[in-house]
Amino acid sequence: MNFKIGDEVVVITGSDKGKSGKIIKTLKSDNKVIVEGVNVVKKHQKATAQATGGIIEVEAPINASNVMILDPKTKKRTRIGHTTDTKTNKKIRIAKKSNEKID
């Protein structure tokens, strides 16, 4: 999986198609990501000593194949490529459309 926490992504398929947000959490073993404000479900929370009970809304994980990263230059969806930095000889991620470095 090429996604990291904090990446700006857009959903390309499903009921939330077209929505965008930042990645909150990555679940690498399941190949899923949790995106802020996307795939919101209602969860019944039982009351505890610290918190009150009720129905709360939380983001559910979606498959990583259903999201694409936003290009930092054009703000359109793009694929992720890899290359090595010439100065530090480290592997970096780049946007395929504009060859911009993805932080």
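These legends describe close-up views of a predicted model.

**View 1. The largest pocket and its lining.** The space in this pocket comes to about 170 Å³. Its wall includes Gly6, Asp7 and Glu8. Ile69, Leu70, Pro72 and Lys75 also line the pocket. Lys101, Ile102 and Asp103 complete the list. Sorted by class, the lining has five charged residues, four nonpolar ones and one polar one. Two of these lining residues, Leu70 and Lys75, return in later views.

**View 2. The salt bridge between arginine 93 and aspartate 7.** How many salt bridges does a search of the whole structure find? The count is three. In this one, the side chains of arginine 93 and aspartate 7 meet at 2.9 Å, N to O. Arginine 93 sits in strand 10 (residues 91–95), while aspartate 7 belongs to the segment before strand 1 (8–11), so the bridge ties together parts 86 residues apart in sequence. Are the two partners buried or exposed? Both arginine 93 and aspartate 7 are buried. For arginine 93, the relative accessibility is 6%. Buried means under 20%, so arginine 93 falls in that class.

**View 3. The surroundings of arginine 93.** Strand 10 holds this residue. Its side chain makes a polar contact with the side chain of aspartate 7 at 2.9 Å. The side chain of arginine 93 also reaches the backbone oxygen of aspartate 103, at 3.4 Å. Now leave aside the neighbours within four places in sequence. Arginine 93 is then in contact with Asn2, Phe3, Lys4 and Asp7, among others. Further contacts of arginine 93 include Ile69, Ile80, Gly81 and His82. Glu100, Lys101, Ile102 and Asp103 are in contact with arginine 93 as well.

**View 4. The salt bridge between glutamate 57 and lysine 42.** The two side chains meet at 3.1 Å, N to O. Glutamate 57 lies in strand 5 (residues 54–59) and lysine 42 in strand 4 (residues 40–45), so this pair ties together parts 15 residues apart in sequence. Glutamate 57 has a relative accessible area of 53%, so it is exposed. Lysine 42 is exposed too, with 58%.

**View 5. The salt bridge between lysine 19 and aspartate 16.** Here the side chains meet at 3.3 Å, N to O. Which class does each partner fall in? Lysine 19 counts as partly exposed, because its relative accessibility is 40%. Aspartate 16 counts as buried, at 14%.

**View 6. Leucine 70 in strand 7.** The strand covers residues 67–70. Leucine 70 counts as buried, because its relative accessibility is 18%. Its C-alpha atom is separated by 9.6 Å from that of isoleucine 80, ten residues apart along the chain. Beyond its neighbours within four places in sequence, leucine 70 is in contact with Glu8, Val9, Val10 and Ser20. Lys75, Lys76, Arg77 and Thr78 are in contact with leucine 70 too.

**View 7. Positive phi at lysine 75 and asparagine 99.** Lysine 75 is not a glycine, yet its phi is positive, about 60 degrees. Where is lysine 75 found? The loop between strand 7 and strand 8 (77–78) holds lysine 75. Lysine 75 is exposed, with a relative accessible area of 59%. Asparagine 99 has a positive phi near 60 degrees, and is likewise a residue other than glycine. Asparagine 99 lies in the segment after strand 10. With a relative accessible area of 56%, asparagine 99 is exposed.

Definitions and conventions: Residues numbered from 1 in each chain as written. Predicted model: local features only at pLDDT ≥ 70, side-chain atom pairs only at ≥ 80, totals over all residues. Heavy atoms only, no water. 1 Å grid on protein atoms, 1.4 Å probe; cavity = no way out; pocket = protein on both sides within 12 Å on 5 of 7 lines; lining within 4 Å. Points joined across faces, edges and corners; volume = space filled by probe spheres on them. Nonpolar A, V, L, I, M, F, W, Y, C, P; charged D, E, K, R; others polar. Salt bridge = Lys/Arg side-chain N within 4 Å of Asp/Glu carboxyl O. Helix = DSSP H or I, 4+ residues; strand = E, 2+ residues; numbered from the N terminus. Buried < 20%, exposed > 50% of the residue type's maximum accessible area, 1.4 Å probe, protein only. Polar contact = N/O pair within 3.5 Å; in protein donor to acceptor, adjacent residues only side chain to side chain. Contact = heavy atoms within 4.5 Å.
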